[in-house]
Amino acid sequence: MCGIIGYTGNNQAMPVIIKGLKTLEYRGYDSSGIALSDHKNFSVFKSEGKLENLIEKTKNLNNLSETGIGHTRWATHGKTNETNAHPHTSEDGMFTVVHNGIIENAEIIKEALESKGYRFISDTDTEVIPQLLSYHYDGNVPEAMRKTFSSLDGSFAVAILCRNEPGTIYAAKRQSPLVVGKGENENLLASDICALSEHAEVFSYLEDGEFAVIRKDSINFFDSSLKPIEKSFKKITTESSDNSKGNFEHYMLKEIFQQPEKIRNLLKDKIKNKKIFLNEIAELSLDITKAERLYIVACGSAYHAALAGKFAIEEMCRIPVEVDVASEFRYRNPPVSCNTPVIIISQSGETADSIAALRLANSRGAIVIGIVNVLPSTIANESDYVIATKAGREIAVATTKGYSTQVAALYMLALHIAGIKKTLTDKQLEFFTNELIEIPEKIEKILSDSDTIENISEKYKEKKELFFIGRNTDFAAAAEASLKLKEISYINSSAFAAGELKHGTIALIENNTPVVALCSNKQLLKKTLSNIEEAFSRGADILCVCKDKTFCNKNYKTIIIPDCTDIFTPLLEIIPMQLFAYYVAKKRGCDIDMPKNLAKSVTVE
Ligand code: G6P
């Protein structure tokens, strides 16, 4: 979370930084700020709210400075106001800093500095950094950095300007991502390579504990004891993506409609002799048939993708699968070993908890398979094997194509392993492969009827809460459907295994309580219908997502999806549910692409 950028070169810094911040805004957008290095001072501009506000505030300035740093914030400490927005400057005005991460011992440092007479103006953890730099500074910035950063606990990617050294940006990193880009007479750094690609062609990622000193004509790296180090720069071609909304009102809607193409693209080249084969893991250094268990670890929607994948892998490969949220997995001493491969799923490849889970798995000798969209990224770099989900850049904060390509990748993985383990016959493999190939066309069919879902969504816009229920694969999709609605419409919703309803939650059902029942799993249809009926008899207003409405009580509203084998239904069911969430949010006038309080890449734990 939080995006940082720094620029020094022959161009005016402000437009470069603003443009870079625009591409980093997915990391947080509750406030933003910029500091430009003038000869004997800094000019600092900050605004609460989205970057547009900062742009508006600075639009008539013609600041000629060629060096500056910028920040787009997702608050971790302190309210979202201008005072807490970055950059933060030391009381003596010597240092100004932008930071992504969390300083865990900020309170103790603050108290110690306050006892020496330092005054703080913000409620942030970050403010201790410039103050501490100033405290340690005796004319030598790297030395002040060494002392400062060795005393900090927590995570940081930091860009620093020092008043005495206009034209120089200092940088430090621990855990949070930071990449340096080299251009011609201009050099930059940022949290994400996509913010640099217009000005740099070669890039170098900082490792934990390293420092960088960036000037327009030189970049120097040091280790944590200030010993100079050589780092190579690599040409990395970032995907040139179409960043426009096209004919769509929101990025989210565009991305929902991109799903058939993205899944098709993912499946391309994976089918050999009518079966799925993943070259990416062909050389797996463990005989997968000997795996005792698989762990799938992820956060948010990626965790829901894992839930869907679990059913497919257990069913097709007969390997037990344990699914865990990364923030729990990393602190629960899981029995991971070289016989239990760990699959880490992440759209961004930078989620802090998922990275920590990956490192834990690595330290226990487990093989790690990353299912990742953004390449390069920390999770992709540190995984032993990578399956790229190829969804392209996802701009809307609420994931859609990111999620569905993760689910499709898990299905491919299940079929790949089943082929090697021979837990499915050739005929079965061919059947499932064909079913998977047909999914994009079936999604297109659902999308072609988006008006129906828009109409259905109308009456839900006034609701205060909703329940989503389903069994097995339907439950996996229900969990994601509920999250989608919650994050963009701000309507409270929860997902329950349909059979669990009667064990407590049914107490909340009363007249007109909206219940969305996912009941596309044909094998469990009768069981789920009984649970739906239980809710209906207590007054619930039922909307069913199913493949065949003939079994449904005629008092239920229905969304019909095309038929497919039960195991793959989450990939179809989620489509009307994404549209449902989208239209409900739209009718409520919500900020769909940038919902409040969220960020697309969560780089703090
Ligand atoms: C954030 C995003 C979610 C995403 C989750 C995990 O919360 O808003 O959409 O599912 O992070 O992100 P990852 O990049 O690891 O898939």
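**Exercise 1. Polar contacts of the ligand**

Determine which side chain has a polar atom 2.6 Å from an oxygen atom of the ligand, and describe the surroundings of the ligand.

*Solution.* Step 1. The residue is Ser346, whose polar side-chain atom lies 2.6 Å from a ligand oxygen atom. A polar contact is a pair of N or O atoms within 3.5 Å; within protein, one atom must be able to donate a hydrogen and the other to accept it, and residues adjacent in sequence count only if both atoms are side-chain atoms.

The model is predicted: local features need pLDDT of at least 70, side-chain atom pairs count only at pLDDT 80 or more, and totals for chains, interfaces and linings use all residues. Residues are numbered from 1 along each chain as its sequence is written, and side-chain values use heavy atoms, with hydrogens and water left out.

Step 2. Ser348 also places a polar side-chain atom 2.7 Å from an oxygen atom of the ligand. In Ala599, a backbone N or O atom lies 3.1 Å from a ligand oxygen atom.

Step 3. The ligand taken alone exposes 390 Å², of which the protein buries 89%. These accessible areas come from the Shrake-Rupley method with a 1.4 Å probe; for residues, only the protein chains shown count as cover.

Step 4. The ligand is surrounded by 14 residues, and the closest are Ser301, Ser346, Gln347, Ser348 and Thr351. A residue counts as near if one of its heavy atoms lies within 4 Å of the molecule or strand.

**Exercise 2. The sheet of 7 strands**

State the order of the 7 strands in this open sheet and locate the helices that touch it.

*Solution.* Step 1. The order is β5-β6-β7-β8-β12-β13-β14, with antiparallel pairing. Helices (H or I, at least four residues) and strands (E, at least two) are DSSP runs numbered from the N terminus; two strands pair if DSSP finds at least two bridges between them.

Step 2. β5 (88–89) and β14 (228–229) are the edge strands, each with a single partner, so one side of each has no neighbour in the sheet.

Step 3. Strands β12 (residues 211–215) and β13 (residues 218–222) run antiparallel and are joined by 5 bridges. Within this pair, Arg215 stands opposite Ser218 in β13.

Step 4. Helix α4 (residues 128–136) packs on the sheet and touches β5, β6 (95–103) and β7 (154–162); its direction makes about 125° with that of β6. Helix α5 (residues 141–150) lies across β6, β7, β8 (169–174) and β12, at about 25° to β8. Contact means heavy atoms within 4.5 Å; axes are lines fitted to C-alpha atoms, for helices over the stretch in contact, and angles run from 0 to 180 degrees between N-to-C directions.

**Exercise 3. The sheet of 8 strands**

State the order of the 8 strands in the other open sheet.

*Solution.* Step 1. The order is β3-β2-β4-β1-β10-β9-β11-β15, and the pairing is antiparallel.

Step 2. Each of β3 (42–48) and β15 (234–235) stands at an edge with a single partner strand, so one side of each lacks a neighbour in the sheet.

Step 3. Between β1 (residues 3–9) and β10 (residues 186–190), which run antiparallel, there are 5 bridges. Here Thr8 stands opposite Asn187 in β10.

Step 4. Helix α1 (residues 13–24) lies across β1, β2 (31–37), β4 (67–73) and β10, running at about 155° to β1. Helix α2 (residues 51–58) touches β2 and β3, and its direction makes about 135° with that of β3.

**Exercise 4. Backbone geometry**

Identify the residues joined by cis peptide bonds and give the phi of Gln175.

*Solution.* Step 1. Most residues other than glycine have a negative phi, and most peptide bonds are trans.

Step 2. His86 and Pro87 are joined by a cis peptide bond with omega about 0°; Pro87 is in the loop between β4 and β5.

Step 3. The bond from Leu375 to Pro376 is also cis, with omega near -5°. Pro376 lies in the loop between β21 (368–372) and α11 (378–382).

Step 4. Gln175 has a phi near 70°, a positive value in a residue other than glycine. Its place is the loop between β8 and β9 (179–182).
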